[in-house]
Amino acid sequence: MNESKTNQSPSQEKNYITPSGAKMLQDELYELKHDERPKLVETISWAAANGDRSENADYIYGKRRLREIDKRIEFLLKRLDLAEVIDPSTVKSNKVLFGVTVTILDHDQKEKTYKIAGIDEVDLDKNQISWKSPIAAAMLNHVVGDIVTVVSPNGEREVEIIKIVYK
């Protein structure tokens, strides 16, 4: 499970997100509200009708899972309420901004490409990083040819921006 699936309280700042990221959150919300939660409520009702609830695993687990689902629904509603959807294909800039796919040359002279996405869209397997991550934050508002210093828990390092593409 990636970081975007946690149930931490979202901050009250804007939740920058791409259209595909917003759809992902909306799809998850729909699935929870219209499929998973109703089925679970049905299971809990059935389990409750079977008598003693204190030792009824279906009932105990079901109630616990229902609380988890309700917390996740509340989280998703807040994230979507704060969402500011930005379509990278409409951005016309030569600077590193939200939604960009940026290629860098790292300190080992290796090229690495990242897509700067919303915090709910982080997928390290696809090189999608949050706009709040140390490397993205260091590159924001810079242009091709700029050398930026990335400050991370592993220390400081310099990278050069060599390509910027909005898809």
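This passage walks through a predicted model of a single chain, from its overall build down to a few individual residues.

Start with the parts list. The chain contains three helices and seven strands. Read from the N terminus, these elements come in the order β-α-α-β-β-β-β-α-β-β. The radius of gyration works out at 21 Å, whereas the globule rule gives 15 Å for 167 residues, so the chain is more spread out than a compact globule. The extents of the C-alpha trace add to that picture, at about 70 × 35 × 25 Å along the principal axes.

As for how much of the chain is tucked away, 36% of the 167 residues count as buried. The accessible surface adds up to about 10,300 Å², and carbon and sulfur atoms account for 49% of that area. Contacts also reach across the sequence: of those between residues at least 6 apart, 56% link residues at least 24 apart.

Among the helices, α2 takes in residues 57–81. With 25 residues at 1.5 Å each, a span of 36 Å is expected for α2, and because the C-alpha atoms at its ends are 36 Å apart, the two values agree. At the N-terminal end, Asn56 acts as a cap for α2, with a side-chain oxygen placed 3.2 Å from the backbone nitrogen of Asp58. The buried residues of α2 are a mixed group: Tyr59, Gly62, Leu66, Ile69, Arg72, Ile73, Phe75, Leu76 and Arg79. Those buried residues pack against three other elements, namely β1 (15–17), α1 (19–48) and β2 (83–85).

Helix α1 is also home to Met24. This residue is partly exposed, its relative accessible area being 37%. Leaving aside residues up to four places away in sequence, Met24 touches Asp120 and Glu121. Met24 and Asp120 are 96 residues apart along the chain, yet their C-alpha atoms are separated by 9.1 Å.

Now for the strands. β3 covers residues 101–105, and five of its five residues are buried. Both faces of β3 are covered, with Thr101, Thr103 and Leu105 buried on one side and Val102 and Ile104 buried on the other. β3 also has two pairing partners to look at. With strand β4 (residues 111–117), β3 pairs in the antiparallel sense through five bridges. One of the residues involved is Ile104, whose bridge partner in β4 is Lys112. Strand β7 (residues 155–165) likewise runs antiparallel to β3, and five bridges join the two. Here Thr103 has Lys163 of β7 as its bridge partner, while Thr101 is matched with Val165 of β7.

β7 in turn pairs with strand β6 (residues 147–152), again antiparallel, this time over six bridges. Among the residues taking part is Thr149 of β6, whose bridge partner in β7 is Glu158. The link from β6 to β7 is a hairpin with two residues in between. The hairpin of β3 and β4, by contrast, has five residues between its strands.

Two loop residues round off the tour, both picked out by their backbone angles. Most residues other than glycine have a negative phi. Gln109, in the loop between β3 and β4, has a positive phi near 60°. Gln109 is also exposed, with a relative accessible area of 58%. The other residue is Asn141, found in the loop between α3 (134–139) and β6. Asn141 is not a glycine either, and its phi is positive too, near 70°.

Technical notes
Residues are numbered from 1 along each chain as its sequence is written. This is a predicted model: local features need pLDDT of at least 70, side-chain atom pairs count only at pLDDT 80 or more; totals for chains, interfaces and linings use all residues. Side-chain values use heavy atoms; hydrogens and water are left out. Buried means under 20% relative accessible area, exposed over 50%, partly exposed in between (1.4 Å probe, protein chains only). Helices (H or I, at least four residues) and strands (E, at least two) are DSSP runs, numbered from the N terminus. Two strands pair if DSSP finds at least two bridges between them. The expected span of a helix is 1.5 Å times one less than its number of residues. Contact means heavy atoms within 4.5 Å. A polar contact is a pair of N or O atoms within 3.5 Å; within protein, one must be able to donate a hydrogen and the other to accept it, and residues adjacent in sequence count only if both atoms are side-chain atoms. The radius of gyration is taken over C-alpha atoms; the globule rule is 2.2 Å times the number of residues to the power 0.38. Accessible areas come from the Shrake-Rupley method with a 1.4 Å probe; for residues, only the protein chains shown count as cover.
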